[in-house]
Amino acid sequence: MTSDSPGDRVHFMRRALELAQRGNWTTTPNPRVGCVLVQSGRIVGEGWHERAGEPHAEVHALRGAGAQARGATAFVTLEPCSHRGRTPPCANALIEAGIARVVVAMEDPNPRVAGQGLARLRAAGIDVEVGVEARAAAELNPGFTLRMTEGRPWIRAKLALSLDGRSALGNGVSQWITGLEARTEGHRWRACSCAVATGGGTIRQDDPALTVRAVETTRQPQRLVLDPRLETPATAQVLKTGGQSWFYCIDPAPSERQRALEAAGGKVVPLPVSSMGRVDLRALVRAWGGLELNEVLLEAGPHLTGALLEAGLVDEVLIFQAPLLLGEGALGAVNWSRPLSSLAQGKVLEVEERRVLGRDWLIRARVRGSGTCLPE
């Protein structure tokens, strides 16, 4: 391989994308990035961004290549940064190492970079190509891109359903509709999310911890609870486990309840009220973006899930479906603010994946018009 033909460029970029996926659970709030250095058709160095504040993918690859980096081609899944954050600019590191050519999958959506890294490389006389495997690179970091461009995270709604589309019995009991394999997969999605979001009603009904337990993880996601009147008890499980719990309520917050939750370790954030007299959902997801959250897993009841879907704020759904019939009287998965009068008013999903999990199925779909992200 020479790294010059279209097929070779795709081959080496796909390796860089594989490396980038290794950071699925650890890079937040930074994007997942992989880098491969190629000299005379042979990989001489490779790396991925492992954790915020630590060296970026390019630096790891350069360290692995050593002197062989001079004159090499770098394949990077995201434009090398041009600014100094917690680490020095990667564009400078590539220039100083004597890299001859840089092939980039996609431009960085971060306004602090946004083409400046590419311009710096070109100004140094380095040959730059952009767009190889661009779609795959974009699918790696939908939340980072959305946060940089719209100020909010990628929101992924998780639904556990019976075959007839029911999420719980009429009395609210829902444990367990799905089997062990499906629940373990749900924990994998928690592990690669920056935060897990739910509503105050779910907290009071089920008292979930919303932590990663069934799979290994080096960090716990933050918890986000929409609780307009701060009715969550200070003894709730979300306040007893690692990671920060945030409670979003109507402004002004009930002072006594706010003090009780904050004394238990929670953070209370009052938000403006919409014209419907409820918490403004767009203000809510912007607040999540302000926490530098790239991806949020929504594990909520039918009212909050439906409200976010209606507002166009859910980007992807994970449907875990069990071979079980619950019948009339059981609860549905999504409630709209008003009944639909035509099928055309329903939310259209584009199915990306169907997979068997033990006795259950996983259907992963994007809400039409959105991108997606695959776990490793």
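**Figure 1. Two domains in one predicted chain.** The chain splits into domain 1, residues 6-141, and domain 2, residues 151-367. The model is predicted. Between the C-alpha centres of domain 1 and domain 2 the distance is 35 Å.

**Figure 2. The interface between domain 1 and domain 2.** Eleven residues of domain 1 contact ten residues of domain 2. Together the two domains bury about 780 Å². Carbon and sulfur atoms give 37% of that area. On the domain 1 side, the most area is lost by Trp25, Thr28 and Pro29. These residues together account for 60% of what domain 1 buries against domain 2.

**Figure 3. Polar and charged links across the interface.** One salt bridge is found between domain 1 and domain 2. Four residue pairs are in polar contact across the domains, with both residues at pLDDT 80 or more. The side of domain 1 that touches domain 2 is mixed in class: three residues are nonpolar, four are polar and four are charged.

**Figure 4. Close-up of the arginine 32 and glutamate 295 pair.** The two side chains form a salt bridge. Nitrogen and oxygen lie 2.7 Å apart. Arginine 32 falls within the bounds of domain 1, 6-141, and glutamate 295 within those of domain 2, 151-367.

**Figure 5. Cysteine 90 and cysteine 81.** The model has zero disulfides by the rule applied. Which cysteine sulfur is closest to that of cysteine 90? The closest belongs to cysteine 81, at 3.8 Å. A disulfide needs the sulfur atoms within 2.5 Å. The two sulfurs are therefore too far apart for a bond. Cysteine 90 is also buried, with a relative accessibility of 1%.

**Figure 6. Cysteine 249 in its surroundings.** Is cysteine 249 buried or exposed? Cysteine 249 is buried. Its relative accessible area is 0%, and a residue counts as buried under 20%. Cysteine 249 lies in the range of domain 2, 151-367.

Conventions. Residues numbered from 1 in each chain as written. Predicted model: local features only at pLDDT ≥ 70, side-chain atom pairs only at ≥ 80, totals over all residues. Heavy atoms only, no water. Domains from an automatic or database assignment. Contact = heavy atoms within 4.5 Å. Buried area = accessible area lost by both parts, 1.4 Å probe. Salt bridge = Lys/Arg side-chain N within 4 Å of Asp/Glu carboxyl O. Polar contact = N/O pair within 3.5 Å; in protein donor to acceptor, adjacent residues only side chain to side chain. Nonpolar A, V, L, I, M, F, W, Y, C, P; charged D, E, K, R; others polar. Buried < 20%, exposed > 50% of the residue type's maximum accessible area, 1.4 Å probe, protein only.
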